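Q: I am new to this structure. Please take a close look at one helical part of it, then follow the chain outward from there.

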Amino acid sequence: MEIFLIRLLQFMLAISLLVLLHEGGHFFFSKLFGVRVEKFYLFFDPWFHLFEFKPKKSETTYGIGWLPLGGYCKIAGMIDESLDTEQMKQPVQPWEFRAKPAWQRLLIMIGGVLVNFLLALFIYSMVLFYWGDSYIAVKDMKMGMKFNKEAKGYGFQDHDILIGTENGAFKDFSADLFREISKATRVDIIRDGKPMSIALPGDINLLGMLKATPNFVRPFVPAVIDTVMPSSPAEKIHLQKGDKILAVNDSVVDSWNEFTDVVGRLADQMTIARSANDSLQLRTATIVVNRKATDAVDTMSVVLSPDLTLGVGMSTIYSYYEPTKVSYGFFESFPAGIKYGWNVLAGYVGDLKYVFTSDGAKSLGGFGAIGSLFPPVWDWHMFWLMTAFLSIILAFMNILPIPALDGGHVLFLLYEMITGRKPSDKFMVVAEYVGISILLLLMVVANLNDILRWLGYM
């Protein structure tokens, strides 16, 4: 419960900040061009609101709604999600949106997207300035990688050290590495101390690579125990820090990758266990361990916990490799942050093509999936990185040419600027309804996926 609340608080703080600044972008350009803003709200307020006030001599009412799905800036003389068509029947007033030239209306509409995009670049820059960049370079992972069956079919072998592709060197082990491999026609590696290259087709399915179990590629991490939990199954059979697991239930284990795979197969079998006795038999495992203290190899039986854990802390790549650390001065951080943010945006946009596949649709996530991206403990470094990432997503999604989004209004404004003909109010109302319907459908699908994943059906 504590982890849920910590993630919820981080998510709500990030979304509130991004929504306020997004709507603030619309507000700024509206006031700049003399357009009246009637309401400025954090979150939506159908039927009632949590808080509302209107300063003296101000035409704007500020408030907080109860439905945390975004926010809005109600601009006078504009057909938006409020669908206030009565105002549009009145004579045009000089302080209304519709009274302004198209180029001013265009800037008002892109103001929110512009703020979100610049905010993301600023946050990335400040993160690099304050914390720097710390990562383990792929080329420094001297124990190499573990590959699944599909990867080995392309010619990779366990313990290959990845260097890069024809497009450049790999940086760290992240989604970018998978993207580069998926579109590469050549991957450079070091095998047994010798440099060589592997030819690839250039169009490997990225989503398939990321969703595969076991993964297409993972860093090789020996199955060496880092810690032993008190009163755990591991403590009962006297396992200690530094002991190395060699096998589980006749399956050879040379890394935590295989250990995780074996436990995963047991979890699959547990779903069809018919009795407590069946469950106990599946939880009773035979493990082979190389004892660090004596260098002896012991074979023993252990009853795993009900959630199939052994009760050990696993060694990680940080147990074997020193991270590369890069520091940035204040002025150096801005070009580095811009480059970082642009790479994040490019990767996100490139991955969108998978949304239109059946597996991609199943991968859509709602508020639960987004909230789970935040760390289970309060970490300001990760919080700001996630906030910047969400800011870029919010900017890109809002500029899509879908009615009811900023991008839909921009599309109609560009049409007006090119043709000299303004879409009718009736058309704009219909378009707004269509856009809202599309957005609600996407929201339902994404959050339904979250529920199905939580129930174990996906």
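A: Start with a term. A helix here is a DSSP run (H or I) of at least four residues, and a strand is an E run of at least two; both are numbered from the N terminus. By that rule, E180 sits in helix α4, residues 175-182. Keep in mind that this is a predicted model.

Helix α4 is our close-up. Look at E180 itself. Is E180 buried or exposed? Neither word fits: E180 is partly exposed, because its relative accessible area is 24% and buried means under 20%. What does E180 touch beyond its sequence neighbours? Setting aside residues within four places in sequence, E180 contacts T165, N167 and F170.

The same helix holds a charged pair. D176 and R179 form a salt bridge, with the closest N and O atoms 2.6 Å apart. Both residues lie in α4, 3 residues apart, which is about one turn of the helix. In general, side chains of opposite charge can pair when their charged atoms come close. How is each partner covered? D176 is partly exposed, with a relative accessible area of 40%. R179 has 19% and is therefore buried, since the cut-off is under 20%.

Now follow one contact of E180 outward. E180 touches T165. T165 stands opposite V187 in β7. Strand β5 covers residues 161-165 and strand β7 covers residues 186-191; they pair in the antiparallel sense over 4 bridges. β7 also pairs with strand β8, residues 194-199, through 6 antiparallel bridges. Within that second pairing, I190 has P195 of β8 as its bridge partner. β7 and β8 form a hairpin with 2 residues between them. In the turn, D192 has a positive phi of about 55°.

Next, step away from the helix. The C-alpha atoms of E180 and D243 are separated by 36 Å, with their positions 63 residues apart along the chain. Compare another pair. G112 and H26 are 86 residues apart along the chain, yet their C-alpha atoms are 5.3 Å apart. G112 has its place in helix α2. It is buried, because its relative accessibility is 0%. Leaving out residues up to four places away in sequence, G112 touches H22, G25 and H26.

Further along the chain comes an open sheet. Its 4 strands run in the order β12-β11-β13-β14, with antiparallel pairing. The edge strands are β12 (251-252) and β14 (297-303), and each pairs on one side only. β11, residues 244-248, pairs with β12 over 2 bridges. One residue match there is A247 with V252 in β12. Helices lie on this sheet too. α7, residues 256-270, lies across β11 and β12 and runs at about 40° to β11. α8, residues 276-283, packs on the sheet and touches β13 (284-290) and β14, its direction making about 10° with that of β13.

Salt bridges recur beyond α4. The structure holds 19 of them. One joins the side chains of E38 and K74 at 2.8 Å, N to O. This pair links distant parts of the chain: E38 is in strand β1 (residues 37-53), K74 is in strand β2 (residues 61-75), and they are 36 residues apart. K74 is buried, with a relative accessible area of 9%. Another bridge joins D298 and R291, with the closest N and O atoms 3.0 Å apart. D298 is partly exposed at 28%, while R291 counts as buried at 13%. There is a network as well: salt bridges link K146, K152, D158, D254 and E258.

The surface also has a nonpolar side. L9, L13, F129, Y130, W131, F330, F331, W378 and W380 make a nonpolar patch of about 1000 Å². The elements giving two or more residues to it are α1 (2-32), α2 (102-131) and α9 (330-351). α2 gives the most, with 3 residues. W380 lies in helix α12, residues 380-399. W380 is partly exposed, with a relative accessible area of 43%.

Finally, zoom out. The protein chain has 14 helices and 16 strands. Its C-alpha trace spans about 90 × 55 × 40 Å along its principal axes. Of its 458 residues, 43% count as buried. Among contacts between residues at least 6 apart in sequence, 63% join residues at least 24 apart. The chain exposes about 24600 Å², and carbon and sulfur atoms supply 64% of that area.

Conventions: Residues numbered from 1 in each chain as written. Predicted model: local features only at pLDDT ≥ 70, side-chain atom pairs only at ≥ 80, totals over all residues. Heavy atoms only, no water. Patch = residues over 30% accessible without salt bridge, like charges linked within 9 Å, V, L, I, M, F, W, Y side chains within 5 Å. Areas by Shrake-Rupley, 256 points an atom, 1.4 Å probe, with all protein chains shown as cover. Salt bridge = Lys/Arg side-chain N within 4 Å of Asp/Glu carboxyl O. Buried < 20%, exposed > 50% of the residue type's maximum accessible area, 1.4 Å probe, protein only. Pairing = 2+ DSSP bridges. Contact = heavy atoms within 4.5 Å. Axes fitted to C-alpha atoms, helices over the stretch in contact; angles between N-to-C directions.
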